[in-house]
Every structure is written in structure tokens, then in C-alpha cells.
Amino acid sequence: TLVGHSFGSKDYTAHVRLGGSSCEATTWMSDSSLLCRSPGGLGTRNISLSMTVDLNVGSVSQVFTYDVAQASAISTTNAPTTGGLNVTLFGANFGVFGSSPSSRLGNTASESTMWFSDSALLIAVASGGQFPVYNLSASVSVVRETGLVSRVFSYNSPVLLSASPFTSPSTGSSMISLSNSSVRLSGSNLGMHDSSPSVRIGLTACEASVWLSDSSVLCGVSAGGG
């Protein structure tokens, strides 16, 4: 409801705009009030309002705001660290038309964010593996306003599948190289970036651990026996 004065003693077919958009319908109520059905819009702050009554124009500044975007859930709660998985982010106030939104999982921007509806976005998960990778937040930004839902997404845990060679000289070595004094561990979800891994063989920590790829880590074997 728009409250003011001099709207007329009868219906003069008033026309009201919120920012740059016309109200879907405007109904004259009295000389001091008009009823406007707000048009679809985005979370822009401090929108001005203008009205035209019988060719007379009145306006008031910074009186209206659309609700900001809100994230509430995600369709898939985990993904491999290589990324590339498409998931749906649910929420509200994403806009009634394509709004060029952006999204993030944790601190990492999604590879892409596609508007689907006022309550759903399709996002392509970026590669991950820089800690923390568990219980990440999902956030969406629409017209510089951000909504967030906490602890809804994790990258898959590291998995070790094999080690080569399986034995090492008992003298050990501090050299990290592809030699008999090093063990190359193969697996998955070891991170798409150097995540400073820590490796142990039995109860003994490697003298040094070097990340090679999402599927490979090198361990400098400490001195040992047995």
C-alpha cells in the first residue's frame, strides 16, 4: 500500500513504478492510498517509488527493498576432489528471471552457476582439496547480496589404494625422490592442490611427505626395521 495525499477523489487510473519496473496492477483506494502489486525483482536495496495520477507525477526515494537471496539446502552433499559434479542449490529469492548469480562452496567459487528458478540454481562444483574440505558452507550472491547455508557439503575423504615399493632399506633416507628409499602412495581424493599431506607407515611418520597429484603422494621413508 502506498500512502500519501492528493491521489484524487475518484479513480484516475494511477500508475506506480518500483525502481524501473511497473507494478503488475495498481488500484486506487482513496485520496490517500493506492494498492500496488509489486513486480518481480531482485534483492536491490533502497528502491525508489514513483506514481502518476492524471498526468501528475510524485515520487519518494529509497523506500522499498526486495528480500535478499537465501540458500537452504544442496542436492548432493559430497563430491570427489576433482570436482566437475553438477549439483542443485535450493533456496529463495534468486529472482524470477536470469539474475547472473554466483555461488561458492567454502571459499572456492563454483566453476559455473546457472539460474534455474527463483528457488533453485544449478552449480558445477570446482576442484577442491585445500583444507578444510569437510562441512563446507554453500553461498549464493545475487545483485551483491549474499545468502549462506552452513555445513552442507564435503569433498570425499582421501583413499589409499597401493604403495610402491612396499619395502625400504632399514637405513632410511631423507631424500624425496623416486628411489628405493621412497614410497609412492597411490589413491584418490588426495587434493587438486598441495594440501601438505602427512603420511605414516605403520606408526612411523615419513621424514617428509610430498603431494604429487590428486592420486599420488611421495613418502620419504624413515629408518626402521622389521
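Visitor: In what order do the four strands of the open sheet stand?
Guide: This is a predicted model. Its four strands form an open sheet, and the pairing is antiparallel. The order is β17-β18-β22-β21.

Visitor: Which strands stand at the edges, each with a single partner strand?
Guide: An edge strand has one partner, so one of its sides is left without a neighbour in the sheet. From strand to strand, the twist averages 25°. The edge strands are β17 (159-164) and β21 (208-213).

Visitor: What is the bridge partner of Arg 184 in β22?
Guide: Strand β18 covers residues 182-188, and β22 covers residues 216-220. The two pair in the antiparallel sense over five bridges. In β22, Arg 184 has as its bridge partner Leu 218.

Visitor: How many aromatic pairs does a search of the whole structure find?
Guide: One pair is Phe 64 with Tyr 66, edge-to-face, at 5.2 Å centre to centre and 90° between the planes. Another is Phe 153 with Tyr 155, also edge-to-face, at 5.4 Å and 85°. The search of the whole structure gives a total of two.

Visitor: Is Tyr 66 buried or exposed?
Guide: Buried means under 20% relative accessible area. Tyr 66 has 15% relative accessibility, so Tyr 66 counts as buried.

Visitor: How does Phe 64 count by relative accessibility, and what is its value?
Guide: The partly exposed class lies between under 20% for buried and over 50% for exposed. Phe 64 therefore counts as partly exposed, at 26%.

Visitor: Are Phe 153 and Tyr 155 buried or exposed?
Guide: These two rings form an edge-to-face pair. Both residues are buried.

Note on methods:
Residues are numbered from 1 along each chain as its sequence is written. This is a predicted model: local features need pLDDT of at least 70, side-chain atom pairs count only at pLDDT 80 or more; totals for chains, interfaces and linings use all residues. Side-chain values use heavy atoms; hydrogens and water are left out. Two strands pair if DSSP finds at least two bridges between them. Axes are lines fitted to C-alpha atoms, for helices over the stretch in contact, and angles run from 0 to 180 degrees between N-to-C directions. Rings of Phe, Tyr and Trp (its six-membered ring) pair if their centres lie within 6.5 Å; planes under 30 degrees apart count as stacked, over 60 as edge-to-face and the rest as tilted. Buried means under 20% relative accessible area, exposed over 50%, partly exposed in between (1.4 Å probe, protein chains only).
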